[in-house]
Amino acid sequence: ELKQESFGPLCGIESKYNLLVACFENEAGEQAYYLLNFAYGLDGSATLDFGEGAEFTLWGSNGIEQMGDQKQITVELLPGEGKFIEMKTYTK
């Protein structure tokens, strides 16, 4: 019941490792995702497919790691690491 094939602009994920992908939506309809690497002994990566493309901000433990409007992004994850992806970008 909890597994979804897609959510918002996210229409696919590729990874060699087990991931937890949590999907969020606030009252304003803004969507976000949290990725967690379940391979505690291995670095890993995940490629997220946003179909036609989407604006995003990727947050890591030290703040913003990447922003843009892309069809796909690849996220590097250390063992047990999690990262947050907001579906919007910010201006400086």
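A polar contact is a pair of N or O atoms within 3.5 Å; within protein, one must be able to donate a hydrogen and the other to accept it. The exercises below use a predicted model.

**Exercise 1. Which side chain makes a polar contact with the side chain of asparagine 26, and where is asparagine 26 found?**

Step 1. Locate the residue. Asparagine 26 is in the loop between strand 2 (19-25) and strand 3.

Step 2. Check its exposure. Asparagine 26 has a relative accessible area of 39%, so it is partly exposed.

Step 3. Find the side-chain partner. The side chain of glutamate 30 lies 2.8 Å from that of asparagine 26, a polar contact.

Step 4. Look at the backbone too. The asparagine 26 side chain also reaches the backbone nitrogen of alanine 28, at 3.0 Å.

Step 5. Set a long-range reference. Glutamate 76 is 50 residues from asparagine 26 in sequence, and their C-alpha atoms are 26 Å apart.

**Exercise 2. How many disulfides does a search of the whole structure find?**

Step 1. Take the cut-off: the two cysteine sulfur atoms must be within 2.5 Å.

Step 2. Test cysteine 11. Its nearest cysteine sulfur belongs to cysteine 23, 12 Å away, and cysteine 11 is in no disulfide.

Step 3. Test cysteine 23. Here the nearest cysteine sulfur is that of cysteine 11, at 12 Å, and cysteine 23 is in no disulfide.

Step 4. Give the total. The search of the whole structure returns zero.

Step 5. Add the exposure. Cysteine 11 is partly exposed at 41% relative accessible area. Cysteine 23, at 35%, is also partly exposed.

**Exercise 3. Which strand gives the largest share of the largest nonpolar core?**

Step 1. Size the core. It holds 15 residues.

Step 2. Pick out its best-connected members. Those with the most contacts inside it include Tyr33, Leu48, Phe50 and Ile73.

Step 3. List the contributing elements. Strand 3 (31-37), strand 4 (44-60) and strand 5 (63-77) each give two or more residues.

Step 4. Read off the solution. Strand 4 supplies the largest share, six residues.

Step 5. Inspect one member. Leucine 48 touches, among others, Leu10, Ile13, Leu35, Ile73, Val75 and Ile85.

**Exercise 4. Is tyrosine 34 buried or exposed, or in between?**

Step 1. Place the residue. Tyrosine 34 sits in strand 3.

Step 2. Apply the limits: buried is under 20% and exposed is over 50%. At 30% relative accessibility, tyrosine 34 is therefore partly exposed.

Step 3. Collect its contacts. Tyrosine 34 touches Leu20, Val21, Ala22, Phe24, Gly82, Lys83 and Phe84, leaving out residues up to four places away in sequence.

Step 4. Take one pair further. Lysine 83 is 49 residues from tyrosine 34 along the chain, with 5.7 Å between their C-alpha atoms.

How values were computed:
Residues numbered from 1 in each chain as written. Predicted model: local features only at pLDDT ≥ 70, side-chain atom pairs only at ≥ 80, totals over all residues. Heavy atoms only, no water. Buried < 20%, exposed > 50% of the residue type's maximum accessible area, 1.4 Å probe, protein only. Core = buried A, V, L, I, M, F, W, Y, C linked by side-chain atoms within 4.5 Å. Helix = DSSP H or I, 4+ residues; strand = E, 2+ residues; numbered from the N terminus. Contact = heavy atoms within 4.5 Å.
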